[in-house]
Amino acid sequence: MIDQLFDPALQDSELQVDNPTKPSLVITQYDAEGRGISYPIELEEISVDPTFEPHPPYESCPPINQSILPYHQSHETATFIPYADEDEFPVIDYLARFQYFAWEEDFDPDSEMIQIETARRLYSIHHISMKNIDRMGILKPLRESHNQGLLWEKFQRDFLRWPGRAFATEGDMPTSFEPAAGDLRGMLSSVLKTFCPNLNCLRTMCTTHTYSLSGSFGGARPKVTSQSMRLSEGEPCGEECFRLTDDSYLDKVYWENESDTETLKTILSISPDLLPCQLADLCFKPCREVFVQRSHIFPDHMVFDDDPAGDEMQKHRAGLKARKPRLHFEEDRAHASFVPLEPCNHKGPCIDAWCNCYLQKRRCQLACRCGIKCIRQYRGCTCKRCDFDCPCVAHSRECMPGLCKNCDARGATKKPCRNTRLQRNDAKMVEIKRATYGLGAFAAQDMKRGDYIGDYVGIFMTHDDTNSLDVVTKYSGRNYLFEVSPDMHELFDAARVGNPTRFLNHDTDANCDARVLLVNGEHHIGFYTIKAVARGEELFLNYGEQYWEEVNKRAAC
Ligand SMILES: C[S@@+](CC[C@H](N)C(=O)[O-])C[C@H]1O[C@@H](n2cnc3c(N)ncnc32)[C@H](O)[C@@H]1O
C-alpha cells in the first residue's frame, strides 16, 4: 500500500508521509467516480507476551447466570463435530453415540417455505381466513401463540427468493399476532411467556422454565365474603362506592359486554380479595357494579366453603375424613432425587390422582395453581435467625421471600437472611487464573468459613444424555459434569456454558464444599468455603473418590 501511495493516479495531492519506513497504514477512500483520497494512520507496535497461551481450540464457555435446559436434546442429534481437524480425535466413535445428524432431522427449509407460500396464497388469493387455514389441519399451525407457529417462524429467517414466488405477488399475511385489546388473559399469557415469572429467573423468552403458562395462571381462591367486605372499615371511594350500596342493587347490574366480565374474572383469578374500589379502577367500571359482579362470581356461601371449586371437594369430603393423607415429601430429604415437574393446576385437593405433585410424592411448588388451601405447599419458617434450628436450613432449602415470616428473606434491610445468599447472588469475589491443573479459581478477597462462592450452573441433563459427552471428555481430559441428585441421574454440565464456579479444581484437603439446595422450588448446587481462605489462595473442592474412579475407568477403556 505504501507503493500505491505514490501512484499519482490515486494519490491525494495533500498526502504527506513523513517517514515511509515507520509502520503505518494508509487508508484510501474512493468516491463514485473512482477517485481515491488516501491518508496514513500510524500504527502502534504491539508486542505479545510469549507466556500468554492461546485459548484451546473448541473450548468456549459463554457466561450464564442460571442453568439452562436446551430446546433440543443434543444427545440424540449430532450438530457439530468437535476437534474434527485433529487426527487423534475418534470421530467415528464420537458419531456412533448419536442417532442422527442434525441435518437429517432438523426442520426442512423447503417444506417450510412451501407451507408458508401455500398459506399465503390461500389467504391472499383465495381469501381464506387464517383461522380456517388452521382448521384445515394440512399445514403447521400458523399462530399457536405470539411466538410460536408458522407465521412466527417465517420471521425468524430470511428465505431466498424463489421462482414460483414471482407468479403470486398478492399481499402478504399479517405478520404478528397480538391478543385482542379486550383479551386480558391473552395479553397476560403472552407477557408471561416473554418475561419468565419464575422467581429465580430474569430471562426474557426463557426456555428453562418451559411448562406452559398460558392460561394456567390464576385459580387463587377468595377468603373474604362480599358481606364482610361491605362491613369492613374504610372510606367510600366515591358516590358510587360499594360501601354505600344496599342489597336492592344486587339484581340491577347487567354488563352487556362479555369481555368486561371476562376481565373481572381474570383479575379475580389472580387476586380474588381485591376490594371493589381497587377493582373498579382496574376494570374502568363503577365500584358498586364491580361489587355486584364479584358477588355473582364468588357467592358468599362458596367463600365459606372449604373449597369453592365445589363439586370435587364435596365428592371427596367423605373420603377425606376416612383416610388421612400420608404425606411423604421427597424434597424434604436433604439430597432428594429431583425430576422437574409441571406445576399442578386442578380443582379439588392435592390428595388424589389428578394432582401430579401428589402422584410423584412431591410438595406443591410456588408455581402450582392448586390454591391457597393446598396442604402440600411449604409454609416457610418462622425463625428470625436462620441457622441450624431453622426448618429451611435443616431441609437444605433456602428461605423464601413471601413465605418465611420473620427473617428478612426478601433482602429489604441491611441484614438480610443469610439463608438466601444463593438467590440474592451474595457471593464472595473469585478470580480465574492459571493454576496447577489448567485454570483455577482463586479468592479475590479474604473469606471466612461458610462464605458463599457461587451457584454451579450449566446445561441441565440426565445421565443418559452424557453418553455422547464421554468421547469428548476423555479426549480433552476435562470434565465439568456435576450431579444434582444422589443417584447421579440429573446433572449440570458446565463444559459449554457456565460461570466461575466451573474452575474449582480438586484437592483432598479442599477449602470449599458443594451443597444441593432447594431454592424457590428449583434445585441448585451452591459452593461454600469450609475454612477461612486468605485472598490469593486457590479454592478447591474434593471431587470425591467416585469422580476419579470414573476418570480412571474412562481412561482404561
Ligand atoms: C471442573 S474442571 C476444573 C477447571 C479446569 N482446571 C479448567 O481449566 O477449566 C475439572 C477438570 O480440571 C482438571 N483437574 C482439576 N483438579 C485436578 C487434580 N487435582 N488433578 C488433576 N486434574 C485436575 C481435570 O482435568 C478435571 O477434569
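# Helices, cores and loops in a predicted model

Helix 9 and helix 10 pack with their axes 10 Å apart, at an angle of about 130 degrees. The two helices are therefore oblique to each other, and helix 9 passes helix 10 in a right-handed crossing. From helix 9, the residues Asp 260, Thr 263, Leu 264 and Ile 267 take part in this contact, and they meet Leu 279, Leu 282 and Cys 283 of helix 10. Sorted by class, the residues of this contact are 5 nonpolar, 1 polar and 1 charged. It should be kept in mind throughout that the model is a predicted one.

Before going further into these helices, it helps to step back to the chain as a whole. The protein chain has 557 residues, of which buried residues make up 24%, and its secondary structure comes to 18 helices and 14 strands. Among the contacts with a separation of 6 or more, 61% are accounted for by residues 24 or more positions apart.

We can now return to helix 9, residues 258-270, and follow it to another partner, helix 11, residues 287-297. The axes of helix 9 and helix 11 come within 11 Å of each other and cross at roughly 65 degrees, and these two helices are therefore roughly perpendicular. Their crossing is right-handed. On the side of helix 9, Thr 261, Leu 264, Lys 265 and Leu 268 are in contact with Val 290, Gln 293, Arg 294 and Ile 297 on the side of helix 11. These contact residues divide into 4 nonpolar, 2 polar and 2 charged. Leu 264 is thus one of the helix 9 residues that meet helix 11, and Leu 264 is also one of those that meet helix 10.

How many of the 11 residues of helix 11 are buried? The count is 9 of the 11, so helix 11 is largely enclosed by the rest of the structure. The buried residues are Cys 287, Arg 288, Glu 289, Val 290, Phe 291, Val 292, Gln 293, Arg 294 and Ser 295. What they pack against is helix 8, residues 226-231, together with helix 9 and helix 10, the last of which spans residues 276-283.

Between helix 10 and helix 11 there is a loop, and Phe 284 lies in it. Phe 284 has 9 other C-beta atoms within 10 Å and is exposed, because a residue with 12 or fewer such neighbours is counted in that class. Phe 284 also has a positive phi of about 55 degrees, although it is not a glycine. A positive phi is found at Tyr 58 as well, where the value is near 65 degrees. Tyr 58 is placed in the loop between strand 2, residues 36-42, and strand 3, residues 77-78, and with 16 C-beta neighbours inside 10 Å it counts as partly exposed.

The next topic is the nonpolar cores. In soluble globular proteins, nonpolar side chains tend to be buried together. The largest nonpolar core in this model has 27 residues, and those with the most contacts inside it are Tyr 456, Phe 492, Leu 504, Cys 512 and Leu 539. Two or more residues of this core come from each of strand 6 (438-443), strand 8 (459-462), strand 10 (490-493), strand 12 (512-519), strand 13 (522-529) and strand 14 (540-541). Strand 8 gives the largest share, 3 residues. A second, separate core has 11 residues, including Leu 268, Cys 283, Val 290 and Val 292. Leaving aside neighbours within four places in sequence, Leu 504 is in contact with Ala 441, Cys 512, Phe 527, Leu 539, Phe 540 and Leu 541.

Two further loop residues, Val 533 and Pro 174, complete the tour. Val 533 is found in the loop between strand 13 and strand 14, and it counts as buried because it has 24 C-beta neighbours inside 10 Å. Not counting residues up to four places away in sequence, Val 533 touches Ala 443, Met 447, Asn 511 and Leu 539. The C-alpha atoms of Val 533 and Cys 512 are separated by 9.3 Å, while the two residues are 21 residues apart along the chain. Pro 174 lies in the loop between helix 6, residues 150-154, and helix 7, residues 184-194, and with 12 C-beta neighbours inside 10 Å it counts as exposed. Pro 174 and Tyr 123 are 51 residues apart in sequence, and their C-alpha atoms are 9.8 Å apart in space.

Conventions:
Residues are numbered from 1 along each chain as its sequence is written. This is a predicted model: local features need pLDDT of at least 70, side-chain atom pairs count only at pLDDT 80 or more; totals for chains, interfaces and linings use all residues. Axes are lines fitted to C-alpha atoms, for helices over the stretch in contact, and angles run from 0 to 180 degrees between N-to-C directions. Helices (H or I, at least four residues) and strands (E, at least two) are DSSP runs, numbered from the N terminus. Angles under 35 degrees count as roughly parallel, over 145 as roughly antiparallel, 65 to 115 as roughly perpendicular and the rest as oblique. A crossing is left-handed if the near helix is turned anticlockwise from the far one by less than a right angle, and right-handed if clockwise. Two residues are in contact if their C-beta atoms, placed from the backbone, lie within 7 Å. Ala, Val, Leu, Ile, Met, Phe, Trp, Tyr, Cys and Pro count as nonpolar, Asp, Glu, Lys and Arg as charged, and the others, Gly among them, as polar. A residue is buried if 20 or more other C-beta atoms lie within 10 Å of its own, exposed if 12 or fewer, and partly exposed in between; C-beta atoms are placed from the backbone. A nonpolar core is a set of buried Ala, Val, Leu, Ile, Met, Phe, Trp, Tyr and Cys residues joined through C-beta atoms within 7 Å.
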